[in-house]
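I opened a notebook page for this protein and listed what to look up. The topics are burial, fold order, disulfides and pockets.

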Amino acid sequence: MKLNSISFLFKLLILQYLSIQCLSDDFDFFYFVQQWPGAYCDTKQSCCYPKTGKPTADFGIHGLWPNYNDGSWPSNCDPDSTFDKSQISDLMKNMEKNWPSLSCPSSNGFRFWSHEWEKHGTCAESELDQHEYFETALKLKEKANLLQSLTNAGIEPNDEFYSIENISEAIKEGTGFTPGIECNRDSARNSQLYQVYMCVDTSGSNFIECPLLPRSRCGEQIQFPKF
């Protein structure tokens, strides 16, 4: 009997250790990703404005994505946790303005937000519940204020070309941290400013230097397209 008790306690300790390890290894940091609507729309696939109308000419949120330091990432971590718009009803106006969907057909954004929560947000539930996840992303956008940082440096969405180094430096000057820059190409094969990656600690509260930056496929000079 005593031997069985010891065996049971040993197994219990192992399970507790593994559960602690799982919690501590959930993820290492967030990528906070914003996209420029002019670049999203200026491609062969084009875009569709939300049912609320054309978004303002500002960076829009793409997502808040848990990542590991080795470059991999978790996804779809909790199939039982589905998007529930009633949980973010107080954020809806802010979401429509700052996290619009530009995919076709035109939509109210629910499909986009549902995808982001179920693929990425569920992997951060150890830190943020559904309301906190979306609210955190909205606060990070306001804190980053990318367009202001760029315009302060004389970099404006006017179809002109700017050096990627100057764009990166302008964002670093404004936020205090080095961004990752992702480009796409328009129908004329021009390299355009498309997405900006900032890294955030696991609480979602503070920008940090990125443990690694996404691979850039940008030219030395990139276009900042109008929207």
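Entry 1, burial and surface. I looked up burial and found that 43% of the 227 residues in the protein are buried. The model is a predicted one, and I read every value below with that in mind. For the surface I noted about 12,200 Å² exposed, with 50% of it supplied by carbon and sulfur atoms.

Entry 2, elements. I counted seven helices and seven strands in the protein. Read from the N terminus on, I wrote the order as α-β-α-β-α-α-α-α-β-α-β-β-β-β. I then looked at contacts in the protein between residues at least 6 apart in sequence, and 75% of these join residues at least 24 apart.

Entry 3, helix H4. Which residues of H4 are buried? I noted Phe 112, Trp 113, Ser 114, Glu 116 and Trp 117 as the buried ones in this helix. I also looked up what covers the buried residues of H4, and the cover includes E2, H3 and H5.

Entry 4, disulfide count and pairing. I searched the whole structure and found five disulfides. With the bonded cysteines of the protein numbered in sequence order, I wrote the pairing as 1-2, 3-5, 4-6, 7-10, 8-9. I went through three of the links in detail, as follows.

Entry 5, Cys 77 and Cys 123. I found a disulfide joining Cys 77 to Cys 123, with S to S at 2.0 Å. The link of Cys 77 and Cys 123 is right-handed, with 95° about the S-S bond. The pair links distant parts of the chain, 46 residues apart: I placed Cys 77 in the loop between E2 and helix H3 (92-98), and Cys 123 in the loop between H4 and helix H5 (130-144). Is Cys 123 buried or exposed? Its relative accessible area is 5%, so I entered Cys 123 as buried. For Cys 77 the relative accessibility is 39%, so I entered Cys 77 as partly exposed.

Entry 6, Cys 183 and Cys 218. I found a second disulfide on my list between Cys 183 and Cys 218, S to S 2.0 Å. I noted 105° about the S-S bond, and the link of Cys 183 and Cys 218 is right-handed. Here too distant parts of the chain are linked, with Cys 183 in strand E4 and Cys 218 in the loop between strand E6 (207-208) and strand E7 (221-223), 35 residues apart. I marked both Cys 183 and Cys 218 as buried.

Entry 7, Cys 199 and Cys 210. I noted that the sulfur atoms of Cys 199 and Cys 210 are 2.1 Å apart and form a disulfide. Why is the disulfide of Cys 199 and Cys 210 called right-handed? The torsion about its S-S bond is about 105°, so I recorded it as right-handed. This pair also links distant parts of the chain, from Cys 199 in strand E5 (residues 191-200) to Cys 210 in the loop between E6 and E7, 11 residues apart. I found both Cys 199 and Cys 210 buried.

Entry 8, largest pocket. I looked up the volume of the largest pocket, which is about 440 Å³. I found 17 residues lining the largest pocket, and Tyr 31, Trp 73, Tyr 197, Pro 214 and Arg 215 lie nearest its centre. The elements giving two or more residues to this lining are strand E2 (60-67) and strand E4 (180-185). Of the elements, E4 gives the most to the lining of the largest pocket, with three residues. By class, I sorted that lining into nine nonpolar, four polar and four charged residues.

Entry 9, second largest pocket. I noted about 170 Å³ of space in the second largest pocket. Of its 13 lining residues, I listed Tyr 40, His 62, Ser 101, Ser 103 and Phe 112 as the closest to its centre. Which elements give two or more residues to the lining of the second largest pocket? I found E2 and helix H4 (110-119). H4 supplies the largest share of the lining of the second largest pocket, five residues. I sorted this lining into four nonpolar, six polar and three charged residues. I also cross-checked Phe 112, which is among the residues closest to the centre of the second largest pocket and is entered above as buried in H4.

Note on methods: Residues are numbered from 1 along each chain as its sequence is written. This is a predicted model: local features need pLDDT of at least 70, side-chain atom pairs count only at pLDDT 80 or more; totals for chains, interfaces and linings use all residues. Side-chain values use heavy atoms; hydrogens and water are left out. On a 1 Å grid over the protein atoms alone, a cavity is a set of points where a 1.4 Å probe fits but cannot get out, and a pocket is an open set with protein on both sides within 12 Å along at least five of seven lines; lining residues have an atom within 4 Å of a point. Grid points are joined across faces, edges and corners, and a volume is the space filled by probe spheres set on the points. Helices (H or I, at least four residues) and strands (E, at least two) are DSSP runs, numbered from the N terminus. Ala, Val, Leu, Ile, Met, Phe, Trp, Tyr, Cys and Pro count as nonpolar, Asp, Glu, Lys and Arg as charged, and the others, Gly among them, as polar. A disulfide is a pair of cysteine sulfur atoms within 2.5 Å. Buried means under 20% relative accessible area, exposed over 50%, partly exposed in between (1.4 Å probe, protein chains only). Contact means heavy atoms within 4.5 Å. Accessible areas come from the Shrake-Rupley method with a 1.4 Å probe; for residues, only the protein chains shown count as cover.
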